[in-house]
Amino acid sequence: MAMKIKLDIVSGFLGAGKTTLIKKLVTEGYKDEKIVVLENEFGKVGIDTDILKNTGVEVEEITAGCICCSSSGDFLSSMEDIINKFSPDRIIVEPTGVAKLSEILRACNDFKFKGLFEVNNIISVLDVKRFDFVSSYSKVFVDDQIAVSKTIVLSKNIGASIKHIEDIYSYIKNININVNIINEDIYNISGQELVNAIENEIQEYDMLKLLNKLDEIVETRNPYHFATLEFKTHKLIDYENIELIFKCFEDEDTYGKVVRGKGILQNSEQNWYKFDYVENEIQEENYYKDRSEEHHVWTPVTKRSRMPSSAWKK
């Protein structure tokens, strides 16, 4: 009997660091395996797909919906296509940042091809720096991810106080007593060390039992409406201008709450760069992209859909 394909799920709220973790796993931790990443973007364009393809790994994508609900049928058909097309050793699924991890696990459990794969690593990435901010308006997603995860990776923890880390530990353990917690900077831990921590067996993990319990104890309604805006442009845009645009978006009365933004652009010197925006902070890094590609994309995500497209044309 052929070995089952391993299925890993890397969950986490918008901007938590899921793609960074996956890059570490595919380039270091599982570099000797044949891997396909299934990327799910809430918007219509896939920024992270482009980033992951630069690692040399095969990437398939589902856009304009969430695989835990509106695009669940696409998820199952994509899994079938990946298995038939690539015959990988491992599939790593990166859901959109507003996905409910429990619903994805239910889809995997009901999947008619589940005999071909086994759910292996179930990972959630929690942003330490923004944990209070995220959990304050997205408790439904955070608690759901914690409740069914095998491993929690605490990202962006540099500079966090011991008291803050301890409070997060307590919050996590009150929901899922058995979960592994990794409190290491992703950039400073080796891929093998990361795999060893993630693959560590935990006691009494019963996925179906956890899912049934979740139905009883966790509020399932999301009190907020998320919307996306996607743009493509041929213009050369310097990073300083992107900073100014997102500075304008801090006006919540006009635009609503902008919780995430990301994009790949060219500046006036025709150099590519990638930017990431999370809760009033924006970062830039150099990026390699084929110069024959014509368009540039950025994707803001808002909590309330009040952002006019004219905001991007000023």
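Two strands pair if DSSP finds at least two bridges between them. The model used in these exercises is predicted.

**Exercise 1. The hairpins around β11**

Task: Determine which way β11 and β12 run, and how many bridges join them. Then place β10 and the turns.

Solution.
Step 1. Strand β12 covers residues 281-286, and 6 bridges join β11 to it. That passes the cut-off of at least two bridges. The two strands run antiparallel.
Step 2. Pick a pair to check the register. Lysine 274 has glutamate 285 in β12 as its bridge partner.
Step 3. Look at the turn. The hairpin of β11 and β12 has 2 residues between the strands, and glutamate 279 takes a positive phi near 45°.
Step 4. Go to β10, residues 258-266. It is joined to β11 by 7 bridges, again antiparallel. Here glycine 261 has tyrosine 277 in β11 as its bridge partner.
Step 5. The hairpin of β10 and β11 has 5 residues between the strands. Its glutamine 270 has a positive phi near 65°.
Step 6. Add burial. Strand β11 spans residues 272-278, and 6 of its 7 residues are buried.

**Exercise 2. Strand order in the open sheet**

Task: In what order do the 7 strands of the open sheet lie, and is the pairing parallel or antiparallel?

Solution.
Step 1. Read across the sheet: β3-β2-β4-β1-β5-β6-β7. The pairing is parallel.
Step 2. Find the edges. β3 (58-62) and β7 (180-182) each pair on one side only.
Step 3. Take the twist. From one strand to the next it averages 20°.
Step 4. Count bridges inside the sheet. β2 and β4 share 5 bridges, β1 and β4 share 4, and β1 and β5 share 7.
Step 5. Fix the register with residue pairs. Isoleucine 35 stands opposite arginine 90 in β4. Isoleucine 9 faces valine 93, also in β4. Lysine 6 is set opposite glutamate 118 in β5.
Step 6. Lay a helix on the sheet. Helix α7 (residues 162-175) lies across β5, β6 (151-155) and β7. It runs at about 160° to β6.

**Exercise 3. The faces of β4**

Task: Why is β4 described as largely enclosed by the rest of the structure?

Solution.
Step 1. Use the cut-off: buried means under 20% relative accessible area.
Step 2. Recall strand geometry. In a regular strand the side chains alternate between the two faces of the sheet.
Step 3. Sort the residues by face. Arg90, Ile92 and Glu94 are on one side of β4, and Ile91 and Val93 are on the other. All are buried, and both faces are covered.
Step 4. Conclude. 5 of the 5 residues of β4 are buried, so the strand is largely enclosed by the rest of the structure.

**Exercise 4. Two nonpolar cores**

Task: Which residues of the largest nonpolar core touch the most other members? Then trace the elements behind it.

Solution.
Step 1. The core has 23 residues; Phe75, Met79, Ile91 and Val93 touch the most other members.
Step 2. List the suppliers. At least two residues each come from β1 (5-12), β2 (35-40), α3 (72-86), β4 (90-94), α4 (101-110), β5 (117-127) and α6 (139-148).
Step 3. Separate the other core. It lies apart and has 21 residues, including Val57, Ile92, Val125 and Ile182.

**Exercise 5. Phenylalanine 141 in its helix**

Task: Is phenylalanine 141 buried or exposed? Compare it with its helix.

Solution.
Step 1. Phenylalanine 141 lies in helix α6.
Step 2. Its relative accessible area is 6%. The limit for buried is under 20%, so phenylalanine 141 is buried.
Step 3. Widen the view. In α6, 9 of the 10 residues are buried, among them Val140, Asp143, Asp144 and Ile146.
Step 4. Locate a distant residue in sequence. Serine 102 is 39 residues from phenylalanine 141 along the chain and 9.6 Å away in space, C-alpha to C-alpha.

**Exercise 6. How α1 meets α8**

Task: At roughly what angle do the axes of α1 and α8 cross?

Solution.
Step 1. Helix α1 covers residues 18-29 and helix α8 residues 191-198. Their axes come within 8 Å and cross at roughly 110°.
Step 2. Classify the angle. The range 65 to 115 degrees counts as roughly perpendicular. α1 and α8 are therefore roughly perpendicular to each other.
Step 3. Name the contacts. Residues including Leu21, Leu25 and Glu28 in α1 meet residues including Leu194, Val195 and Ile198 in α8.

Technical notes. Residues are numbered from 1 along each chain as its sequence is written. This is a predicted model: local features need pLDDT of at least 70, side-chain atom pairs count only at pLDDT 80 or more; totals for chains, interfaces and linings use all residues. Side-chain values use heavy atoms; hydrogens and water are left out. A nonpolar core is a set of buried Ala, Val, Leu, Ile, Met, Phe, Trp, Tyr and Cys residues joined through side-chain atoms within 4.5 Å. Buried means under 20% relative accessible area, exposed over 50%, partly exposed in between (1.4 Å probe, protein chains only). Axes are lines fitted to C-alpha atoms, for helices over the stretch in contact, and angles run from 0 to 180 degrees between N-to-C directions. Contact means heavy atoms within 4.5 Å. Angles under 35 degrees count as roughly parallel, over 145 as roughly antiparallel, 65 to 115 as roughly perpendicular and the rest as oblique.
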